[in-house]
Amino acid sequence: MEYNRIIIRNYKPWVWALGLGINGLITLSFFLPKRESLQEYDFSFLPLLNAIMNGATFLFLLLALYAIKQKKIIRHRNFIFAAFLSTSVFLLSYLLYHFTTPSTKFGGVGFVKYAYYVILITHVILAIIVVPLALISIGRGLNMEVALHRKITRWSMPIWLYVSLTGVIVYLLISPYYK
């Protein structure tokens, strides 16, 4: 069997579709009315699940970085897939929560309030940016376009790490204010 054969695929349509679709759904979740038909269900556990998935993503990304530094390409790829999977579970959970539950207001004051909003705003802006960057990085990695993969992951990896870590921090800061 031949294992070194690489099939180059065009991932651009998927990157565009997923990038626009994911960011569009997240935006819609804040503006559409909440689904009353789902109000009989208790989704209060989802913010904690979101934080756990963000934490798992952060851990998987660190392990992927370590693996690639050790030149363990298959291990690196598997950790990236695990990070992508945990991010996908986060996304589904996040969307379910925000399509069914009113937003929680942050109740902190003083320095903590300003720190929270700085972290939240940078988290949201970079989360929007990292969706296409991560997808492009994964596509280039799968195609073994090493030079292009390295070029974009210089940006996508630190941003994805920041977004996943600050997702946990945002949860920890706002969790006392959930009903």
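This passage walks through helix α4, two helix pairs and the surroundings of one alanine in a predicted model.

Helix α4 takes in residues 110–142, 33 residues in all. At 1.5 Å a residue, a helix of that many residues should span 48 Å, and the end C-alpha atoms of α4 sit 47 Å apart, so the expected and modelled values agree. The helix does have a kink to point out: α4 bends by about 35° at Val130, and a proline, Pro132, turns up within four residues after that. Val130 is also one of the buried residues of α4. Tyr116 and His123 are buried too, as are Val131, Leu133, Ala134, Leu135, Ser137, Ile138 and Gly139. Just after α4 comes Met144, with a positive phi of about 55°.

Some of those buried residues show up again in the packing of α4 on helix α3, which covers residues 73–100. The axes of α3 and α4 come within 12 Å and cross at roughly 150°. Since an angle over 145 degrees counts as roughly antiparallel, α3 and α4 are therefore roughly antiparallel to each other. Their crossing is left-handed. On the α3 side, the contact is made by Arg77, Ile80, Phe81 and Phe84, while α4 brings in Leu135, Ile138 and Leu142. Of these, Leu135 and Ile138 are on the buried list for α4.

A second pair is formed by helix α2 (residues 46–69) and helix α5 (residues 146–174). Here the axes lie 8 Å apart and the packing angle is about 150°, which makes α2 roughly antiparallel to α5. This crossing, too, is left-handed. From α2, the contacting residues are Pro47, Leu48, Ala51, Asn54, Gly55, Thr57, Phe58, Leu61, Leu62 and Leu65. They meet Met157, Trp160, Leu161, Val163, Ser164, Leu165, Gly167, Val168 and Tyr171 of α5.

Ala83 offers a link between these parts of the model. Ala83 belongs to helix α3, and it counts as buried because its relative accessibility is 0%, with under 20% being the cut-off. Leaving aside residues up to four places away in sequence, Ala83 touches Thr57, Phe60, Leu61 and Trp160. Three of these names are familiar from the α2–α5 pair: Thr57 and Leu61 on the α2 side, and Trp160 on the α5 side. Thr57 lies 26 residues from Ala83 along the chain, yet the C-alpha atoms of Ala83 and Thr57 are separated by 4.5 Å.

Notes:
Residues are numbered from 1 along each chain as its sequence is written. This is a predicted model: local features need pLDDT of at least 70, side-chain atom pairs count only at pLDDT 80 or more; totals for chains, interfaces and linings use all residues. Side-chain values use heavy atoms; hydrogens and water are left out. Helices (H or I, at least four residues) and strands (E, at least two) are DSSP runs, numbered from the N terminus. The expected span of a helix is 1.5 Å times one less than its number of residues. The bend at a residue is the angle between axes fitted to the seven residues ending there and the seven starting there. Buried means under 20% relative accessible area, exposed over 50%, partly exposed in between (1.4 Å probe, protein chains only). Axes are lines fitted to C-alpha atoms, for helices over the stretch in contact, and angles run from 0 to 180 degrees between N-to-C directions. Angles under 35 degrees count as roughly parallel, over 145 as roughly antiparallel, 65 to 115 as roughly perpendicular and the rest as oblique. A crossing is left-handed if the near helix is turned anticlockwise from the far one by less than a right angle, and right-handed if clockwise. Contact means heavy atoms within 4.5 Å.
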